[in-house]
Amino acid sequence: MSGKNTVFALEAIVLTILLFIPGVFSDDSIPIPADKSQLNSWFAANVKPLDARKDTLDPALVAAEANKIVIKVRTDGSGDFKTLTEAVKSIPEGNKRRVIIWIGSGNYTEKVKIERTKPFITLYGDPKNVPNIIFHGTAKEYNIVESATVIVESEYFSAVNINFVNSAPRPDGKMVLAQAAALRTGGDKASLYNCKMFGFQDTFCDDKGKHFFKDCYIEGTVDFIFGNGKSIYLNTETHVIPGDPMAMVTAHARDAETVDSGYSFVHCTVTGTGHTAYLGRAWRPFSKVVFSYTDMTDVVHPEGWSDNGKPDNDKSVYYGEYKCKGAGATTARRVGYVKKLSDAEAKPFISLAYIEGSKWLLPPVAL
């Protein structure tokens, strides 16, 4: 046995060395490291800029990035536009170039929709004074998926340094259709970096498509990350706002085993207090959510997961945990249908191959 252990140890050392040598790997199968301190180095080595990735990226994306433009939005009128709505409206349908909308500091009180006919849009906020995009739409006024302050239906969307806010009142159990989303991502191949989403019930609709989130913050009460997306959340805080007798971090909407979707949280944190939060609720019977290397406070209910009161869902959901830590990560009282993943079972959820990142994922733009 000692010989095998030595071989495994040597293989791990070699892999670690190769992982950080620029240009050794061009695929997206290199696993996210277990050591959180290595995340940024791993990301830089495996999500390289356009010039180093042209052979692997979608041709349409390469062409769009080679022909990018920047337009500026400032509330004081010193930019190209005063509102984000005007800036989005200026982009032609069938857009084929990367349009970076630089957004100055301040509050932008408006409801914004980026139609599917306008791909390759980046919202870039001033990193020193991150802008807030705010609106108060509710499910009663718009229906839940249309209530979002910002709705994105186009492909290749990106956002950097943006606060998405829904300022509608907190649901009190008496108000009808009081759910209110801050953001909905419904287009394929979206990435968000250093963004925050503020709301209560149904804060973020991770609707459909492949998405990537890094260094983000999402807060809420019930089902505050919901939808049928296929997404990786990396180094992202999910914060449970106190005050409700029961909270749900996720409500994934996968409704058949053949549907290719699911949420993967890697090196994230689940924060709050009170043993009230379930990591996932089976909104649909094949709901799929995995938490890996995640630090959980005691806000997590000891059972961890909810079948939404439907025992038949116990057989069809895919809920997994892998090498998590913290007071809320204790599995002694977890529901029987949660999967305590082995290394092999966890592997698909802790690499960018999960979202085919080599085809479309780029580092955050820096201006």
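Two strands are taken to pair if DSSP finds at least two bridges between them. Strands (E, at least two residues) and helices (H or I, at least four) are DSSP runs, numbered from the N terminus. The structure is a predicted model, in which local features need pLDDT of at least 70 and side-chain atom pairs count only at pLDDT 80 or more, while totals for chains, interfaces and linings use all residues. Residues are numbered from 1 along each chain as its sequence is written, and side-chain values use heavy atoms, with hydrogens and water left out.

With those conventions in hand, the sheets make a good starting point. Eight strands, in the order β3-β6-β9-β12-β15-β18-β21-β24, form an open sheet with parallel pairing. At its edges stand β3 (107-109) and β24 (295-296), each of which pairs on one side only. Within this sheet, β9 (residues 163-166) and β12 (residues 196-198) are joined in the parallel sense by three bridges, and V165 has F198 of β12 as its bridge partner. T109 belongs to the edge strand β3 and is exposed (over 50% relative accessible area, 1.4 Å probe, protein chains only; buried is under 20%, partly exposed in between), its own value being 60%. Although T109 and V165 are 56 residues apart in sequence, their C-alpha atoms are 9.5 Å apart in space.

A second open sheet has eleven strands, again parallel in pairing, in the order β1-β2-β5-β8-β11-β14-β17-β20-β23-β26-β27. Here β1 (69-73) and β27 (339-340) are the edge strands; each has a single partner strand, so one side of each is left without a neighbour in the sheet. Five bridges link β23 (residues 288-292) to β26 (residues 318-322) in the parallel sense, among them the one that matches V290 with G320 of β26. Helix α2 (residues 39-46) packs on the sheet and touches β11 (190-193), β14 (210-214) and β17 (230-234); the direction of α2 makes about 140 degrees with that of β14. Contact here means heavy atoms within 4.5 Å, and axes are lines fitted to C-alpha atoms, for helices over the stretch in contact, with angles from 0 to 180 degrees between N-to-C directions.

Which residues of α2 are buried? They are L39, W42, F43, A45 and N46. Viewed down the helix axis, the buried residues of α2 fall within an arc of 165 degrees, so they line one face of the helix; the arc is that of the directions from the axis to the C-beta atoms. The exposed residues N40 and A44 sit on the face turned away from that buried side.

Finally, empty space was mapped on a 1 Å grid over the protein atoms alone: a cavity is a set of points where a 1.4 Å probe fits but cannot get out, a pocket is an open set with protein on both sides within 12 Å along at least five of seven lines, and lining residues have an atom within 4 Å of a point. The second largest pocket holds about 380 Å³ of space. Its lining comprises 21 residues, with E65, L362, P363, P364 and V365 nearest the centre; α3 (59-65) and β11 are the elements that give two or more residues to this lining. E65, found in helix α3, is buried at a relative accessible area of 14%. Leaving aside neighbours within four places in sequence, E65 is in contact with L50, R98 and L362. The largest cavity contains about 40 Å³ of space, and its lining residues include N166, P169, F200 and Q201.

Key. Grid points are joined across faces, edges and corners, and a volume is the space filled by probe spheres set on the points.
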